[in-house]
Every structure is written in structure tokens, then in C-alpha cells.
Amino acid sequence: RSATLAIREFGVRRDGKLANPEQPLTRWLQTNPNDVAVSLVLAEYRLGQGDSRTALALYESVIARDGNNVLALNNAASAAAQLGDRKAALAFAERAYARAPRSAPIVDTYGWALTLDRQHAKALGVLEKGRRDIGALPDMEHHYAMALIGLGRTREAKLVLDAVLQANVPFQSRAEAAALRATLD
């Protein structure tokens, strides 16, 4: 057995929609609790399943071993935000951003965490810089619109949301962006 095999078996079980697809990962971690790659795969799966508490614990275990793991920091921010802990979300996102300020997912999460913490002006600055340096990515546009709304710039937010929704490109927060846009009329 190996970590690679556990991850592959998980992928097959998940894609085949078998019961308990994460079993190979949890089995591997029972004997190899410090395996970062398997911990990250399991944490991402748990986060995607809505089990933010377990995901956050897994991300925190990775961060405890490697405080510079940008993926764990960024996703820990998302898990903490889903649990309603915006201070922890911001702390994790800030640490990730300090290590990878030109990564689109990191910039997006940091801007979103700032917005959740009602630091709209700072969020807008981070997201504007991200838009300039990286490009206007759909999820980032949604969070950019949220920051604009937080600053009372609803008209601009409508334009941003209209553009991203009319592009008809799939993105993670599409439903939330559409719901937000519907509240602005």
C-alpha cells in the first residue's frame, strides 16, 4: 500500500459513486497520520461534502506540521468561513496571501475573507490588484462585487455581476453571485 494508491482508490470510489469513497484515505491515515498529501485530499473531499469542521481539523493538522503550506492555509480559511469563524478565516487567508500574493485562488480567498470581516476597502484593494495582475476571474469578480456593495457602490457591483453572469462560464460561486445580483434590483 502507498499514499498514491490510497488516493487513486479514493478517486475510483468517488467517481464510481461507491459508498464511503474516503475509506482508503482514512485507512491510510490511521497508520500514516503525518501524510500531508492524503490529509489534503481527504480535507478537500470533506470540505466539498459540507463537513467543514472535519476539513478544518485536517487542514490545521497539516498547518501544524508545515505552517507554509499555502493550499492548507487557503482552504482552512474557506472551512473556517463556512463555520462562521470569520476571524480565523481572515487569519488563515492572510497567511496564505503573504506567501502567494500572485495566486488567483489565494487572492480571491483573502479578498473574500476581508469582505466577510467587513474590511471592504482593503478587500477592494486586494481584489483590484488581483484583477490587474492575474485577470478578472469569475469567483474573484463575485467577491469584488461583494466588496463594492459593502462600500455602498451598488451600481458598479451590478455591472460586475451582470458581466460575470452573462459570460455563461461555470464557476464555484455562480449561484451565490446570481442570488446577490437578484437582490440589487
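This report describes helix α2, the pairing of helices α6 and α7, and the setting of Val169 in a predicted model.

Helix α2 spans residues 23–31, and its buried residues are Pro24, Leu25, Trp28 and Leu29. These four lie on the same side of α2, because they cover an arc of only 130 degrees around its axis. An α-helix has 3.6 residues a turn, so residues three or four places apart point the same way. The buried residues of α2 pack against α1 (3–15) and α3 (36–48). On the face turned away from this buried side, α2 carries the exposed residues Gln30 and Thr31.

Helix α6 and helix α7 form a contact whose participants are tabulated below.

| Helix | Residues in the contact |
|---|---|
| α6 | Arg86, Ala89, Leu90, Ala93, Glu94, Ala96, Tyr97 |
| α7 | Ile106, Val107, Thr109, Tyr110, Ala113, Leu114, Leu116 |

By class, this contact of α6 with α7 has 11 nonpolar, 1 polar and 2 charged residues. The axes of α6 (residues 86–99) and α7 (residues 104–116) come within 9 Å and cross at roughly 150 degrees. The two helices are therefore roughly antiparallel to each other, and their crossing is left-handed.

Val169 is placed in the loop between α10 (154–166) and α11 (174–182). Its relative accessibility is 38%, so Val169 counts as partly exposed. Apart from neighbours within four places in sequence, Val169 is in contact with Pro138 and Arg174. Between Val169 and Met146 there is a C-alpha to C-alpha distance of 19 Å, with the two residues 23 residues apart in sequence.

Terms used: Residues are numbered from 1 along each chain as its sequence is written. This is a predicted model: local features need pLDDT of at least 70, side-chain atom pairs count only at pLDDT 80 or more; totals for chains, interfaces and linings use all residues. Side-chain values use heavy atoms; hydrogens and water are left out. Buried means under 20% relative accessible area, exposed over 50%, partly exposed in between (1.4 Å probe, protein chains only). The arc is that of the directions from the helix axis to the C-beta atoms. Contact means heavy atoms within 4.5 Å. Axes are lines fitted to C-alpha atoms, for helices over the stretch in contact, and angles run from 0 to 180 degrees between N-to-C directions. Angles under 35 degrees count as roughly parallel, over 145 as roughly antiparallel, 65 to 115 as roughly perpendicular and the rest as oblique. A crossing is left-handed if the near helix is turned anticlockwise from the far one by less than a right angle, and right-handed if clockwise. Ala, Val, Leu, Ile, Met, Phe, Trp, Tyr, Cys and Pro count as nonpolar, Asp, Glu, Lys and Arg as charged, and the others, Gly among them, as polar.
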